Amino acid sequence: QVQLVESGGGLVQPGGSLRLSCAVSGSIFSIFGMGWYRQAPGKQRELVADIRSGGNTNYADSVKGRFTVSRDNAKNTVYLQMNRLKPEDTAVYYCYVQALVVVGIEDYWGQGTQVTVSS
């Protein structure tokens, strides 16, 4: 069993900051990619940012320069630092991990955490 536990969402005013965390536990041999997606009401889920095992990162154009994804390999945890938040960042944020487990390489998802940017 692989579990992803997210934390850090909430309500913040425009221009504010939040930091999301996602801790991965379970029978994992190694982790390749980790990252974050988000889904706003009435919209498709979209990639926000991800980070590979070597440290390479990838960001959606809409968050470049405002969000930073990082990972702590010793803790199997991925973070998303979100600065200068905008109302359009409001969404449910999901973390994901691509990991090598007993049956092969699998993708796993967190339960989602709500981020609301509003005055």
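How many disulfides does the structure hold? The structure, a predicted model, holds one disulfide.

**The disulfide**

This disulfide joins Cys-22 to Cys-95, with an S to S distance of 2.0 Å. Cys-22 belongs to strand E3 (residues 18-26) and Cys-95 to strand E9 (residues 91-101), so the bond ties together parts that lie 73 residues apart in sequence. A disulfide is a covalent bond between the sulfur atoms of two cysteines. Are the two cysteines, Cys-22 and Cys-95, buried or exposed? Cys-22 is buried, and Cys-95 is buried as well.

**Strands E4, E5 and E6**

Strand E5 (residues 46-51) pairs with strand E4 (residues 30-39) and also with strand E6 (residues 57-59). E4 and E5 run antiparallel and are joined by five bridges. E5 and E6 likewise run antiparallel, and three bridges join them.

Which residue of E5 is the bridge partner of Met-34? The partner is Ile-51. Ile-51 also stands opposite Thr-57 in E6. Ile-51 therefore has a place in both pairings, facing Met-34 as a bridge partner and Thr-57 in E6.

**The two hairpins**

Each of these pairings forms a hairpin, and a glycine with positive phi is found in the hairpin of E4 and E5 and in that of E5 and E6. The table sets out the two cases.

| Hairpin | Between the strands | Glycine | Phi |
|---|---|---|---|
| E4 and E5 | six residues | Gly-42 | positive, near 75 degrees |
| E5 and E6 | five residues | Gly-55 | positive, near 100 degrees |

Key: Residues numbered from 1 in each chain as written. Predicted model: local features only at pLDDT ≥ 70, side-chain atom pairs only at ≥ 80, totals over all residues. Heavy atoms only, no water. Disulfide = S-S within 2.5 Å. Helix = DSSP H or I, 4+ residues; strand = E, 2+ residues; numbered from the N terminus. Buried < 20%, exposed > 50% of the residue type's maximum accessible area, 1.4 Å probe, protein only. Pairing = 2+ DSSP bridges.
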